[in-house]
Amino acid sequence: MDSLDNIIKNRLNKDQLKQFNKIYYGTEDNCELELKESTKAESVKGNFEVAGYSFIAKKEELRKPNVLRLGLIQHSIVLPTDKPISEQRQAIFKKIEKIIEVAASEDVRILCLQETWTMPFFLCTGEKEKWEEFAEPAINGPSTLFLSKLAKQYEMVIISPILERDEDGKWWNTAVVIDEKGDYIGKHRKNHLPSVGSYSETSYYAPGNLGHPVFDTKYGKIAVNICYGRHHALNWLMFGLNGAQIVFNPAATIAEFGETFWGIEARTAAIANHYFTCSINRVGTEEYFINKDKKVRTYYGSSYVTAPNGCRTPGLSKDRDGLLIVELDLNLCRQVRDQWGFNMTSRLDVYAKSIEKKLCP
Ligand SMILES: NC(=O)NCCC(=O)O
């Protein structure tokens, strides 16, 4: 299962590839980022892919460049889904800790994990009881404690999408944001819940009740649009209106639904809203037994990043754990906004009136 990017790269000659890259990715040479030898060695040892790219912004006279590195991790579960929950979670922690260490050695400053990264995506089974111990508090839950330590150690902002259990025992599909000192700074709850095929998350939790928060971190203004929310243009819009410079889209999605949209939606959102988007999807096959019936789901990875000028990185592979490192200059957001001015021409007032009329005829 090679990625689309590799299939093309391996079949075109040098000149054809340059032309393809220019139109498809937005740059002739893909701006590959030189990574350390130790990074490559660790990725071989740990059996995960590592790739690095950079996006370039113009040099400005008055503003200094605002360059930083992002890290996206896509991964499979480690143990079969019938193993004890604590063992399943611990095995994932162990694998992720190693990848975060490599990201830190490459000076990654903001890192995001995939949707409900601590567990198999059992939310497709319709079952609740036997999985309930995966749900955890956003503050001081096992995964927040685990990542806080790493965030502090590496001075890294970490976005941790988990299955949250709140003080009243209710579940939420939540992304926790931890700052570079290891402190919890807030959370976002998935706004749009899928009801498509075997995805029926409304039986587990309610749609998010926290709006569209943007977290003003030491390294940049960030937001999280969780998985299915990427199909909703207004969800993307609101993060932009609230000032996001980078919007992460942690996901858990399978080829049966919208693999054709995967490369389009977050990319369009980056262009329309003058921010960077980071799309992360899990990999691997997860098996469940429901009344002795076997259910198998395979996730297609392909995590990638888009810049506000529409340039994108190639995707990570479809079937391997991976770390995508992207160097970018946040000044690009304003540069593209000034060039294209979509915010100035958006006519939000007209749409606000039309929407109000539609909702309350
Ligand atoms: N996790 C999730 O919301 N999946 C729904 C299917 C999709 O939007 O790709």
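1. How many nonpolar, polar and charged residues make up the shell around the ligand? By class there are six nonpolar, two polar and four charged residues, where Ala, Val, Leu, Ile, Met, Phe, Trp, Tyr, Cys and Pro count as nonpolar, Asp, Glu, Lys and Arg as charged, and the others, Gly among them, as polar.

2. The model is predicted, with local features requiring pLDDT of at least 70 and side-chain atom pairs pLDDT 80 or more, while totals for chains, interfaces and linings use all residues. Residues are numbered from 1 along each chain as its sequence is written, and side-chain values use heavy atoms, with hydrogens and water left out.

3. The residues around the ligand, that is, with a heavy atom within 4 Å of it, include Glu115, Phe121, Lys190, Tyr199, Arg230, Ala252 and Thr253.

4. A polar side-chain atom of threonine 253 lies 2.5 Å from a ligand oxygen, and a side-chain N or O atom of arginine 230 is 2.9 Å from an oxygen atom of the ligand. Taken alone, the ligand exposes 280 Å², of which the protein buries 99%, the areas coming from the Shrake-Rupley method with a 1.4 Å probe.

5. Histidine 75 lies in the loop between strand 2 (67-74) and helix 4 (85-105); helices (H or I, at least four residues) and strands (E, at least two) are DSSP runs, numbered from the N terminus. Histidine 75 has a relative accessible area of 1% and is therefore buried (under 20%, 1.4 Å probe, protein chains only).

6. The side chain of histidine 75 reaches the backbone oxygen of tryptophan 117 at 3.4 Å.

How values were computed
Polar contact = N/O pair within 3.5 Å; in protein donor to acceptor, adjacent residues only side chain to side chain. Buried < 20%, exposed > 50% of the residue type's maximum accessible area, 1.4 Å probe, protein only.
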